[in-house]
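Reader: I've got the model open and a few labels I'd like you to justify. Can we go through them one at a time?

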Amino acid sequence: MNIVNHPYRDFASWAQTFSQHTNQSLAGASLVIDESHDKNKKDNALLRSQAAAWGMNVVKGDTTRDDIPFAYPYVPASGIHEYDDGAGNTAPFKDMRKVSGLDAMDYAQEHMPVTHKLMERLAKTVDFHGIRIATCLILEPKTAVLLRELKAVGAQVGVCCEPGGVDERVAEQLRAEDITVEAKNDWTSAQYHDGALRLLDTLKPNIIIDDGASFARLAARERPEIVRNLIGVAEETTSGVRAFQAMQGDDALPYPVVAVNDSALKTEFDNAHGTGETCVTTIQEILGTQWFAGKNLTVIGYGPVGRGFALRVRALGAHVTICDTDPVACLKAVFEGFPTTDISEALPDTDMAVSATGVRHTLALEHLHLMKPNAVLAVIGGIADEIALDDIPSFHHQPGNSITTISVPDGPELRLLAQGDGVNYTAGGGNPIEIMDLSFAVQLSAVAHLIGNRGNLPNQIIRLDAATDREIASIALQVRGHQASHAIADNGYSWKTTRFDAMQD
């Protein structure tokens, strides 16, 4: 990728444009600076600090090279290498939101080498032929890559998706590739329900890949005959695992569930870097590139998602306060340079309140009453009603609106982003390609584990072992040109040897 000589002279606008046009991740990549193009040392110092806070490795080098994977050149000088979007506008990156479904899927596949390499390994020991896999995932190019990889090794695959989460270009292309698709953005809730059941009836799946646990629970309630033959479920999200844990606690879990979300390669990357990164750049797209600079933000929830978001908006100049009900999470935030306080103390002065919990009514009606007029509300946690919109009679969900003014009963008018849905996947392209490359590698490992242990797994929450994470991480390091260190196999360790023995020698 050669994106040299672009006109974006600050990191905020460069990061936003790159993220939103390409849906690629800057986190974990290298930023190559050719300082001969810009003698302003102060600007370069700020660029380095912002990029490092974002999660990039900043190096000096030849920015004209485009053969280095996961390395992006930055030349803060006006230039000529730009793409025309077909409407008379130009940008330094090709806008993958405006290409065909086939091109978008191929582009994502090109940038997901970990998923592909892992599948090559898994297919040597696990027989995927004839396995019927029904998925309920956000339907966009990265999901298409997962479906393609499974189909390529002989599985029968299909997908359903809730209205508002469907990339229609991708849905059309998948149908052309003989993959069952039950998803349309203009469906009502009833039509979505019927489409999900049609997918179950058509595929009669052996395995379900779920996002939020709703699809697998629908199967348990309305298609028990399918569930009786189910090998198991692979669940991707925190909220979904939480739901299955509740079922297990009530002795109501009818199938094994692999908690993909609990893998370090999912939670510590997808949540912190994927969601954290793209929620920032999507909000920039909605409110303006420099909107965060100087603003007061309240981030509610300091788990991986909230932390990833908070670190990045701070890098862009925001003043961030953390609210969390867990004292340990708050202490962690304090040690990472964020003030923490009770939500009732933070909200009156905030310009934006961000829910990052995945918990219903994180922002209750009484919280909204505390906020100043025209303050902004956003959800990055990812479940319905993290903001108590169901307590606002005048609010009616209308997918497609990036900004909606809501009137809190006997309270202020506030600006709501993305209808209170997860902002990055509703108003943006979702988690970056390279981040989902890791998450979907874990999904494939979960499916392989279910197949390889068919009939021998209890109807419980199951977690993959650390060796799975290490294997995926090793592949991810390799394709980025890095490697882990090694230890001496025999280091002479004996539990009988103490420091007191050494002192007597």
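Author: Sure, and keep in mind that this is a predicted model. Let's begin with cysteine 160: its closest cysteine sulfur, in cysteine 136, is 3.6 Å away, too far for a bond.

Reader: What makes 3.6 Å too far for a bond between cysteine 160 and cysteine 136?

Author: A disulfide needs the two sulfur atoms within 2.5 Å. The sulfurs of cysteine 160 and cysteine 136 are 3.6 Å apart, so this pair doesn't count as one.

Reader: Where do these two cysteines sit in the strands?

Author: They're bridge partners: cysteine 136 pairs with cysteine 160 in S7. Strands S6 (residues 132-136) and S7 (residues 156-160) run parallel and are joined by five bridges.

Reader: Why is cysteine 160 called buried?

Author: Buried means under 20% relative accessible area. Cysteine 160 has 0%, so the label holds.

Reader: And what about cysteine 330, buried or exposed?

Author: Cysteine 330 has 13% relative accessibility, which is also under the 20% cut-off, so buried it is. Its closest cysteine sulfur, in cysteine 323, lies 7.5 Å away, so there's no bond here either. A search of the whole structure turns up zero disulfides.

Reader: Back to the strands: what is the order in the open sheet of seven?

Author: The order is S8-S7-S6-S9-S10-S11-S18, with parallel pairing.

Reader: What makes S8 and S18 edge strands?

Author: S8 (180-182) and S18 (461-462) each have a single partner strand, so one side of each has no neighbour in the sheet.

Reader: Which helix lies across S10, S11 and S18?

Author: That's H10 (residues 238-249), running at about 140 degrees to S10.

Terms used:
Residues numbered from 1 in each chain as written. Predicted model: local features only at pLDDT ≥ 70, side-chain atom pairs only at ≥ 80, totals over all residues. Heavy atoms only, no water. Pairing = 2+ DSSP bridges. Helix = DSSP H or I, 4+ residues; strand = E, 2+ residues; numbered from the N terminus. Contact = heavy atoms within 4.5 Å. Axes fitted to C-alpha atoms, helices over the stretch in contact; angles between N-to-C directions. Buried < 20%, exposed > 50% of the residue type's maximum accessible area, 1.4 Å probe, protein only.
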